[in-house]
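Open the model in your viewer and keep the selection panel at hand. This tour goes from a sheet to a helix, then on to the empty space inside.

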2 protein chains.
Amino acid sequence: MPKVVIVGAGLVGALNACYFAQRGWDVEVYEYRRDIRTMEHVAGRSINLALSYRGKSALEAVGLKDYIVEQGVEMHARLVHNKDGKTYSRQPYGQPGEHIVSINRRHLNEVMITQAEQCSKVKFFFEHKVRSVDLDKKELIVTFTGGSKIPRFGSPQSTKESDIHVKGDLVIACDGAYSSVRRSLATQPRFDYSQEYIGHGYIELNILPKNGEFALEPNVFHLWPRGNFTLIALANRDKTFTVTIFAPFEDFASKMSTPNDVESFFRENFPDAYELLGRSHLLDTFHRVRPQPLVSIKCRPHHFGDFVLLTGDAAHAMVPFYGQGMNCGFEDCLVLKEALDACNDDIPKSLAYYSDKRVKDAHTINDLAMYNYEELKDLVNHRSYKLRKKIDLFLNRFFADKWMPLYSMVTFSRMPYHKIVEERKRQDKVLSIFRRGLAITTAAVLVGLYCARKKGVL
Amino acid sequence: MPKVVIVGAGLVGALNACYFAQRGWDVEVYEYRRDIRTMEHVAGRSINLALSYRGKSALEAVGLKDYIVEQGVEMHARLVHNKDGKTYSRQPYGQPGEHIVSINRRHLNEVMITQAEQCSKVKFFFEHKVRSVDLDKKELIVTFTGGSKIPRFGSPQSTKESDIHVKGDLVIACDGAYSSVRRSLATQPRFDYSQEYIGHGYIELNILPKNGEFALEPNVFHLWPRGNFTLIALANRDKTFTVTIFAPFEDFASKMSTPNDVESFFRENFPDAYELLGRSHLLDTFHRVRPQPLVSIKCRPHHFGDFVLLTGDAAHAMVPFYGQGMNCGFEDCLVLKEALDACNDDIPKSLAYYSDKRVKDAHTINDLAMYNYEELKDLVNHRSYKLRKKIDLFLNRFFADKWMPLYSMVTFSRMPYHKIVEERKRQDKVLSIFRRGLAITTAAVLVGLYCARKKGVL
């Protein structure tokens, strides 16, 4: 059986391990951090995860879907909080019953590692940092970092002595946005690559339970859109909420630099959230944590030679505003499975097939996520936006197959992302023809009425 | 005096060394190759250089302009070779007297290193490869590679023992498109970066002198545009021509893979050039050399913290179709000088000032170079394109200050690149109003004539 070397035991790496275990391959997973199951506190971003159809489908194929969904909290709508701190507007995500699931990243990761480990063909190597890939020799240069401090991304290391050379038939890089595999191969000719940071950063906060109960309605996605900045809150099973503020870095520096500023900024813009967050938690967090950047990464192709494939954030880190980062990464596993099936496990052919299929979809969801950033910040408050949402859901109710809203195609289907954009353009065209038809009809009726009145018929 | 560490002794690195020597700073230059003056054959791309106004201005400030220009060959026009191998069309670059200069890269580089070395404050360290930059410690990690084979870009090295830690007040990275300084810092938060390969590759050829004379007219840029592929030729002082074919990689693979294919491809598409290149030189080159890729690189900002600045190709490698790669890199030196002057040698302020000024210009010339790719391949043959060129030059003759053709603004001025695009948009608007006015006047005259004839006046 071929041997696959997976770099990274995060969400996508662990799921890939489950897939290849199921396929009967030998699997080795190299992760530079300690085993997440033994860690007290996990550093790094979380921004609660919203599991939707693509992610569920990928989990289902390895028998994990139901268990994971049970551990989450369903969200059926966006609940938009107004500035007065009292009134709301509710925007359902889809038809009744359609929902996404708020999931705890750490818990999900732990479950998946444990699941993969149950297969004797899978071996995990924690505290093993992959430094580089040699395409000619088909090997990875790995360093054991055990006992040392966890290295920062990109920091130079000097443990040359302990270099390990790892061989395999296929390498799947799932080592995230700052992928060291990708960096090591980025000078390969004809590898297109871009990384783009947005002007906004984020800080995570928490709302604790109130009298042992959820302090806010749990089964919705809470949203405080305020033009150029926004606050969101997602429920957890333990009845807390993970809250995230997104704002321009300049605003963090100018409007939220002193405790007084933070307090009055939250009081003024998110009065209801402020009450629930509590002054001391808010100020303590802002004192402790600096706003984190958000990056969007695109590359083409996703594979190198017939040896390395990038999946998940390593191939297409995106801004978190469509809740598709994890779902797209999970779907990568499914697409790879489909590619291997279609090419009878021929690795070179499968990699070319995968890139050919997946790159355009990855680029599209990256762009959609960037676009949804506008939506979450502000658009949700616009009348035309809300009207379109209603028209889409109305038409969808009667023509389920023929008319799916954009959000539903992304979230509740596995339609390839690039096809979704084509379909959306078609819908836009239909609506525009309809609008023009309506205008002409109205004009004709008005002219008719006017003539009729003039001739004394009316 | 502050100490500047320059990474790379190529064209931009050597010129920067001259600038900082003039400024009185201590200068150390680290170059991973051997001293180009001691090398028998220089590997890597050349694509003959076309020196124009920006490059000349930058050379002038260190007293090198006249000497360098004398060593080159003036080019006053494009000479477009038709497919019959016999007829041409001539497109002047500007007004009579305006020209660009074909320069030999190696010679230019040698002159500049020698010039910089004449200052006792400048030290060159050849065969010293910069591995990484430590922003916190403000130092570079450099390895002496002397005696070893010249390393390939991106290939891992294992001479840990000989690491040298170099300190300085400012680092200028001039280490080209595959900059190791940039790579070492690419994971810094909020550093936007993109690399994009075009679908075309290139191969370089040579035309030797004929009876001791230039085999083609020397003072023009020779061009064989054939739709999706193109051939160019630039004269050298030794009466040879450097010839470059640009074509899609697929065409190299499908239409130029066997000697017979190469021969008939050149015979059919470039009959006159084929005769001058000669069959054996052509086939030998195609046998020896594979088509090289062309990359376009953008990043933002161009500096890291208050310590590192990227200039030249390290900051903005571009496709070679506007002949601005070197000119823009040289102008970087001038802009940096202006920044340091404006900020009284305050390094952090100067770097911020420089990025703020230069990034948008670098992005613009990158885009223009990509656009000129279309022009060189095909557009030069279109009637509307030629007409516009003529209108531009006509208006420019009478309104020199008010109307400069796009090409002239790029090539014969130091107008910031981003302003050129604004100016071009203004010109487009003026011409479109003029065109519309002309159409209305024509229509009015025709209607007038028609009415006059109907009434029997005519």
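**First stop: a sheet in chain B**

Select β8, β2, β1, β12, β19 and β18 of chain B: these six strands, in that order, make an open sheet with mixed pairing. Bear in mind that this is a predicted model. Now look at the edges. They are β8 (122-125) and β18 (303-304) of chain B, and each pairs on one side only.

Next, select residues 170-173 and 308-310 of chain B. These are strands β12 and β19, which pair in the parallel sense over three bridges. Pick B:Ala173 and find its bridge partner in β19(B): B:Leu310.

**Second stop: the helix across it**

Add residues 347-377 of chain B. This is helix α12, lying across β12, β18 and β19 of chain B. Helix α12(B) runs at about 25 degrees to β19(B).

**Third stop: the cavities**

Rolling a probe the size of a water molecule over the atoms shows where empty space is left. Here there are three cavities of 30 Å³ or more. Go to the largest, which holds about 240 Å³ of space.

Which residues are closest to the centre of the largest cavity? Select A:Arg183, A:Ala186, A:Tyr193, B:Ala186 and B:Tyr193; they belong to a lining of 20 residues.

Now colour the elements that give two or more residues to this lining:

- From chain A: α5 (180-185), β13 (192-207) and β17 (292-300).
- From chain B: α5 (180-185) and β13 (192-207).

β13(A) gives the most, with three residues. Finally, colour the lining by residue class: 12 are nonpolar, four polar and four charged.

Key:
Residues are numbered from 1 along each chain as its sequence is written. Chains are lettered from A and ligands numbered from 1 in the order in which they are written. This is a predicted model: local features need pLDDT of at least 70, side-chain atom pairs count only at pLDDT 80 or more; totals for chains, interfaces and linings use all residues. Side-chain values use heavy atoms; hydrogens and water are left out. On a 1 Å grid over the protein atoms alone, a cavity is a set of points where a 1.4 Å probe fits but cannot get out, and a pocket is an open set with protein on both sides within 12 Å along at least five of seven lines; lining residues have an atom within 4 Å of a point. Grid points are joined across faces, edges and corners, and a volume is the space filled by probe spheres set on the points. Helices (H or I, at least four residues) and strands (E, at least two) are DSSP runs, numbered from the N terminus. Ala, Val, Leu, Ile, Met, Phe, Trp, Tyr, Cys and Pro count as nonpolar, Asp, Glu, Lys and Arg as charged, and the others, Gly among them, as polar. Two strands pair if DSSP finds at least two bridges between them. Contact means heavy atoms within 4.5 Å. Axes are lines fitted to C-alpha atoms, for helices over the stretch in contact, and angles run from 0 to 180 degrees between N-to-C directions.
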